[in-house]
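Ready for some practice in reading a protein structure? Take a look at the sequence and the model below, then work through the exercises one step at a time.

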Amino acid sequence: MKIVSVRENPEFADEAVRYVSACWPEVPPVLYEDCIRHAVGAAGPLPHWYLLVADGEIGGCAGLITNDFISRMDLWPWACALYVDERLRGHAYGRSLLERAAADARRAGFRTMYLSTDHVGLYEKWGFRYIGQGYHPWNEESRIYGLGL
């Protein structure tokens, strides 16, 4: 298993767009395509996109972005789009993807990385702490977690 940064390996951009879009079919694919393609060669430290590659196949993904469709515009960067294929779950690959994002955020000078989720109990095991609720444009809310870097 290895984690591939699409920013550092732009040849993975097409695969990243297809994979991430397939994981969240309710999100218009153009949104991920635009973000992932502009991550390659971006002047600033964000965004980043990562792929989990296991046995030559993509088995997971994650992003590191400035805002994850949430009301807390004062917080960034955000880990987003974390997904690990069911066949690969139970091996802490999601944690590995987040650790890579956290390392890149730390190198860029950030002191905290955030994520929004409905899950309770998972991210706390990985060092994240609940900091409050955030609100989405589609009239839903999510828990916000922060991880000190």
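**Exercise 1.** Decide whether Arg72 is buried, partly exposed or exposed.

*Solution.* This is a predicted model, and the value we need is computed from it.
- Step 1: The relative accessible area of Arg72 is 29%.
- Step 2: Buried means under 20%, exposed means over 50%, and partly exposed lies in between.
- Step 3: Arg72 is therefore partly exposed.

**Exercise 2.** Find the acidic partner of Arg72 and classify that residue too.

*Solution.*
- Step 1: Side chains of opposite charge can pair when their charged atoms come close.
- Step 2: A salt bridge needs a side-chain nitrogen of Lys or Arg within 4 Å of a carboxyl oxygen of Asp or Glu.
- Step 3: The side chains of Asp74 and Arg72 are 2.8 Å apart, N to O, and form a salt bridge.
- Step 4: Asp74 has a relative accessible area of 49%, so Asp74 is partly exposed.

**Exercise 3.** Work out which parts of the chain are joined by the salt bridge of Asp14 and by the salt bridge of Glu57.

*Solution.*
- Step 1: Asp14 pairs with Arg37 at 2.6 Å, N to O. This links distant parts of the chain, with Asp14 in helix α1 (residues 13–23) and Arg37 in helix α2, 23 residues apart.
- Step 2: Both ends of this pair are partly exposed: Asp14 has a relative accessible area of 41%, and Arg37 has 35%.
- Step 3: Glu57 pairs with Arg87 at 3.7 Å, N to O. Here strand β3 (residues 57–65), which holds Glu57, is linked to the loop between β4 and α3, which holds Arg87; the two residues are 30 apart.
- Step 4: Glu57 is partly exposed as well, at 47% relative accessibility.

**Exercise 4.** State how many salt bridges the whole structure has, and name the residues linked in a network.

*Solution.*
- Step 1: The search of the whole structure gives 9 salt bridges.
- Step 2: Glu8, Arg100, Asp104 and Arg107 are linked in a network of them.

**Exercise 5.** Describe the largest pocket and its lining.

*Solution.*
- Step 1: The volume of the largest pocket is about 1000 Å³.
- Step 2: Its lining has 40 residues, and Trp24, Cys80, Ala81, Leu82 and Ser116 lie nearest the centre.
- Step 3: Elements that supply at least two lining residues each include α2 (29–39), α3 (93–107) and β7 (141–148). The largest share, 6 residues, comes from β4.
- Step 4: Sorted by class, the lining has 24 nonpolar, 10 polar and 6 charged residues.

Terms used: Residues are numbered from 1 along each chain as its sequence is written. This is a predicted model: local features need pLDDT of at least 70, side-chain atom pairs count only at pLDDT 80 or more; totals for chains, interfaces and linings use all residues. Side-chain values use heavy atoms; hydrogens and water are left out. On a 1 Å grid over the protein atoms alone, a cavity is a set of points where a 1.4 Å probe fits but cannot get out, and a pocket is an open set with protein on both sides within 12 Å along at least five of seven lines; lining residues have an atom within 4 Å of a point. Grid points are joined across faces, edges and corners, and a volume is the space filled by probe spheres set on the points. Helices (H or I, at least four residues) and strands (E, at least two) are DSSP runs, numbered from the N terminus. Ala, Val, Leu, Ile, Met, Phe, Trp, Tyr, Cys and Pro count as nonpolar, Asp, Glu, Lys and Arg as charged, and the others, Gly among them, as polar. Buried means under 20% relative accessible area, exposed over 50%, partly exposed in between (1.4 Å probe, protein chains only).
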